[in-house]
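Colleague: Got a minute? I'd like to go through this one with you.

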2 protein chains.
Amino acid sequence: MARPRKFDEERAVDAAMEAFWTTGYEATSTQDLCEATGLGRSSIYNTFHSKHELFRRALARYMARRTDELTGLLEEDRPARERVEALLSRIVAEETARDGDGRGCLYVNTAVELAARDAEVARELERDYARRLDALTAVFASGQRDGDIAADRDARALAHFVIATVSGIRVAARAGADAMALRAIARTALDAI
Amino acid sequence: MARPRKFDEERAVDAAMEAFWTTGYEATSTQDLCEATGLGRSSIYNTFHSKHELFRRALARYMARRTDELTGLLEEDRPARERVEALLSRIVAEETARDGDGRGCLYVNTAVELAARDAEVARELERDYARRLDALTAVFASGQRDGDIAADRDARALAHFVIATVSGIRVAARAGADAMALRAIARTALDAI
DNA sequence: CAGATTTTGTACTGATCAATCCAAAACGGA
DNA sequence: TCCGTTTTGGATTGATCAGTACAAAATCTG
């Protein structure tokens with residue numbers, strides 16, 4: 001063997017994720033990444049080979065973490081409608097929190113900033129979309145079995161709708177909508193399901 | 001007087017708008033803006049003083065144009081529900097068009113890319129949000145007078161909800177959702193109003 | 001036609017970008 | 001302890017960034 005690393009790769013990805021999350025892909029310089037991770041240029045390029053590849057790692061980590069949270073929340077033993085309500089409430093709480101301070105959601109940010117001109121990233125976003133769609137579809141299907149979601153609805157359509165509502169709340173928050181407005185959006189969306 | 005301009009300022013703003021729209025603020029270089037507008041550097045800086053100010057002009061133009069389209073559509077003499085349905089259909093059609101090709105919406109793009117770190121831009125987005133909110137609120141209020149929207153609903157909440165649905169559809173389109181999914185989102189949203 | 005004024009093209013500024021190079025440093029195995 | 005291997009820091013690369021300097025060109029007023 002040889003000289004060992006003196007940093008933890010996963011912690012570095014985490015730090016890079018935070019940087020990309022708050023600043024965006026283009027606006028985060030490699031210098032910013034050095035400062036965020038505490039690593040030198042060489043260590044970053046030796047480990048991740050390029051800013052783009054580090055971003056992909058950071059995005060994958062973000063999506064995995066978020067989708068895990070989502071599925072955890074959606075697997076709770078409650079009526080389907082309540083589970084979706086809890087999901088939307090959490091999104092509203094996140095977006096109105098004054099400490100997280102308006103960085104939004106890396107998934108939405110990336111979809112808007114990069115998806116159109118980066119096929120690899122677009123593919124990753126699609127895969128994550130599919131995962132969340134499946135999780136939500138399962139929730140609505142179980143709600144239909146339990147009877148608290150009308151049986152004649154299309155579970156998959158409802159799942160698409162909830163995902164869109166989440167993104168809608170996030171964009172509205174960035175466009176300056178206040179907490180009351182965000183709650184109104186969530187409440188109105190719940191009327192539809 | 002003195003030497004006259006040999007270009008149309010408004011056409012230049014239009015061209016810049018197209019560039020920012022397809023590429024984003026950061027990723028559009030001043031060189032790109034020269035090529036898009038057909039102007040030299042000097043003309044651009046002599047007229048608009050900075051990339052940032054040109055962007056603000058372009059954004060204002062985009063929002064004015066879009067909000068005009070919106071209010072035009074919403075002032076048609078039809079039941080409120082149909083007017084909102086027409087609005088959502090248009091958004092879906094835009095996002096699935098294969099020629100416009102995935103540039104999305106400059107308003108949403110800007111909210112996500114810039115609003116958090118550019119107070120001036122954030123203020124403009126808020127003003128536009130308010131304009132669209134008022135237009136939609138008026139539609140729902142008229143629908144309640146006509147009886148095709150339930151009188152016990154909150155017209156303003158419904159308006160927030162429709163705006164969020166539009167953003168949600170746009171983000172979903174960028175994340176890879178297909179035309180059927182976008183139509184399902186619009187249809188489900190209509191069930192809520 | 002002459003003088004005042006503005007636009008325009010071109011060359012240039014210093015800063016910063018992502019990425020590379022290279023030698024010194026640090027470890028494991030022998 | 002010494003060799004092979006890898007990591008690390010710091011200097012450096014060429015490209016590109018937003019913005020400027022300046023003089024030639026073009027038009028109006030007189």
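Modeller: A polar contact here is a pair of N or O atoms within 3.5 Å; within protein, one must be able to donate a hydrogen and the other to accept it, and residues adjacent in sequence count only if both atoms are side-chain atoms. This is a predicted model: local features need pLDDT of at least 70, side-chain atom pairs pLDDT 80 or more, while totals for chains, interfaces and linings use all residues. Residues are numbered from 1 along each chain, chains are lettered from A in the order written, and side-chain values use heavy atoms, without hydrogens and water.

Colleague: How many residues surround DNA strand C?

Modeller: There are 22, and A:R3, A:T30, A:R41, B:A2 and B:S42 are the closest. Near means a heavy atom within 4 Å. Of the strand C atoms within 4 Å of the protein, 61% belong to sugar and phosphate.

Colleague: Which backbone atoms lie by a phosphate oxygen of strand C?

Modeller: One is a backbone N or O of A:T30, at 2.7 Å. A polar backbone atom of B:K6 is 2.9 Å from a phosphate oxygen. For A:T28 the distance is 3.3 Å.

Colleague: Which helix gives the largest share of that surface?

Modeller: Helix 3 of chain B, with four residues. Helices are DSSP runs of H or I, at least four residues, numbered from the N terminus.

Colleague: New topic. Is A:T137 buried or exposed?

Modeller: Buried, at 14% relative accessible area; the cut-off is under 20%, with a 1.4 Å probe and protein chains only. A:T137 sits in helix 7 of chain A, residues 119–146.

Colleague: What does A:T137 touch?

Modeller: A:A155, A:R156 and A:A159, leaving out residues up to four places away in sequence. Contact means heavy atoms within 4.5 Å.

How values were computed: Helices (H or I, at least four residues) and strands (E, at least two) are DSSP runs, numbered from the N terminus. Buried means under 20% relative accessible area, exposed over 50%, partly exposed in between (1.4 Å probe, protein chains only).
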